[in-house]
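Thanks, everyone. Please bring up the model on your screens. I'll keep this brisk.

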Amino acid sequence: MTPAHGVSRDPDASRVLVALRVPATPERAFATFTDRIDDWWVHNELFQFIRGRTGTMVFETGPSGRLLERYDDGTEFVIGEVRAWAPPHGFVIGWRQAGFETGQDTELHVSFAAVQADPPSTRVTVQHFGWDAIPPENAARHGFPLPVFSLRFAQWWRDHLAALAALAG
């Protein structure tokens with residue numbers, strides 16, 4: 001899926017790629033991912049958007065939507081804006097974490113493809129591009145070289161998709 005605006009990253013550039021079968025239709029998997037994100041999101045101290053803070057995940061859906069984390073004090077951190085929106089097939093959003101410099105961001109592509117109809121199952125695929133543009137010393141990379149970070153981040157996404165599967169099923 002190509003973003004509606006902005007520059008699409010080279011598919012051969014570094015990326016984290018994770019796919020998992022979810023026991024639901026694409027429509028249900030998509031709605032669970034977006035509308036109920038805080039119900040399945042696995043908060044983790046290692047991969048926080050703002051170090052030392054954990055809030056509620058909120059996905060403002062639609063072509064002009066945003067993904068953000070809201071905190072008890074009323075503040076929020078905008079993780080990214082929707083760049084492409086095609087329910088129930090997928091979406092693309094920008095992805096930032098605190099400490100990213102101006103112009104630094106990554107891009108998250110999530111797709112939903114029916115695998116079988118009875119019982120319904122959907123392959124949810126997450127492709128997270130652009131970590132090669134974030135220096136290892138950035139807090140989001142935790143000082144890891146890109147191959148190590150990519151493996152750890154892929155496991156993080158796999159844990160999230162497993163939680164999504166449990167809720168959607």
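I'll go from the whole chain to the helix packing, then to the loops and a few single residues.

First, a caution. This is a predicted model. Keep that in mind for each number I quote.

Start with the overall make-up. The protein chain has three helices and seven strands. What order do the elements run in, from the N terminus on? The order is β-α-α-β-β-β-β-β-β-α. So read it this way, because the elements are DSSP runs numbered from the N terminus: a strand opens the chain, two helices follow, then come the other strands, and a helix closes the run.

Now the dimensions. The C-alpha trace spans about 50 × 40 × 30 Å along its principal axes. The radius of gyration is 15 Å. Does that agree or disagree with a compact globule of 169 residues? It agrees, because such a globule would have a radius of gyration near 15 Å.

Burial next. Of the 169 residues in the chain, 46% are buried. And contact order, roughly speaking. Take contacts between residues at least 6 apart in sequence. Of these, 54% join residues at least 24 apart.

On to the helix pair. Helix 1 covers residues 26–35, and helix 3 covers residues 146–168. They pack at an angle of about 115°. Their axes are 10 Å apart. The crossing of helix 1 past helix 3 is right-handed.

Which residues meet there? From helix 1, we have Arg28, Ala29, Thr32 and Phe33. From helix 3, we have Trp157, Leu161, Leu164, Leu167 and Ala168. By class, that contact has seven nonpolar residues, one polar and one charged.

Let me stay with Ala168, one of the helix 3 residues in that contact. Is Ala168 buried or exposed? It is buried, because its relative accessible area is 1% and the cut-off for buried is under 20%. Set aside residues up to four places away in sequence. Ala168 then touches Val22, Pro23, Ala24, Arg28 and Thr32. Look at Thr32 in particular. Ala168 and Thr32 are 136 residues apart along the chain, yet their C-alpha atoms are separated by 6.0 Å.

Now the prolines. General background first: most peptide bonds are trans. Two here are worth a look. A cis peptide bond joins Pro87 and Pro88, with omega about 0°. Where is Pro88? It sits in the loop between strand 4, residues 76–86, and strand 5, residues 90–95. The peptide bond from Asp118 to Pro119 is also cis. Omega there is near -5°. Pro119 lies in the loop between strand 6 and strand 7, and strand 7 covers 120–129.

Next, Glu107. This residue belongs to strand 6, residues 106–117. Glu107 counts as buried, because its relative accessibility is 1%. What does its side chain contact? The side chain of Arg83, in a polar contact of 2.6 Å.

Then Gln97. It lies in the loop between strand 5 and strand 6. Its relative accessible area is 5%, so Gln97 is buried. The side chains of Gln97 and Trp95 share a polar contact of 3.4 Å. Leave out neighbours within four places in sequence, and Gln97 is in contact with Gln48, Phe49, Phe77, Trp131 and Ala140.

Last, two residues from one loop. Ile134 is in the loop between strand 7 and helix 3. Asp132 is in the loop between strand 7 and helix 3 too. Their burial is not alike. Ile134 is buried, because its relative accessible area is 0%. Asp132 counts as partly exposed, because its relative accessibility is 45%.

What does Ile134 contact, leaving aside neighbours within four places in sequence? Phe100, Gln104, Asp105, Thr106 and Arg141. Ile134 and Phe100 are 34 residues apart in sequence, and 7.7 Å apart in space, C-alpha to C-alpha. For Asp132, here is one distance. Its C-alpha and that of Ile50 are separated by 20 Å, and the two residues are 82 apart along the chain.

That's my tour. Questions, please.

Definitions and conventions:
Residues numbered from 1 in each chain as written. Predicted model: local features only at pLDDT ≥ 70, side-chain atom pairs only at ≥ 80, totals over all residues. Heavy atoms only, no water. Helix = DSSP H or I, 4+ residues; strand = E, 2+ residues; numbered from the N terminus. Buried < 20%, exposed > 50% of the residue type's maximum accessible area, 1.4 Å probe, protein only. Polar contact = N/O pair within 3.5 Å; in protein donor to acceptor, adjacent residues only side chain to side chain. Axes fitted to C-alpha atoms, helices over the stretch in contact; angles between N-to-C directions. Left-handed = near helix turned anticlockwise from the far one by under 90°. Contact = heavy atoms within 4.5 Å. Nonpolar A, V, L, I, M, F, W, Y, C, P; charged D, E, K, R; others polar. Rg over C-alpha atoms; globule rule 2.2 N^0.38 Å.
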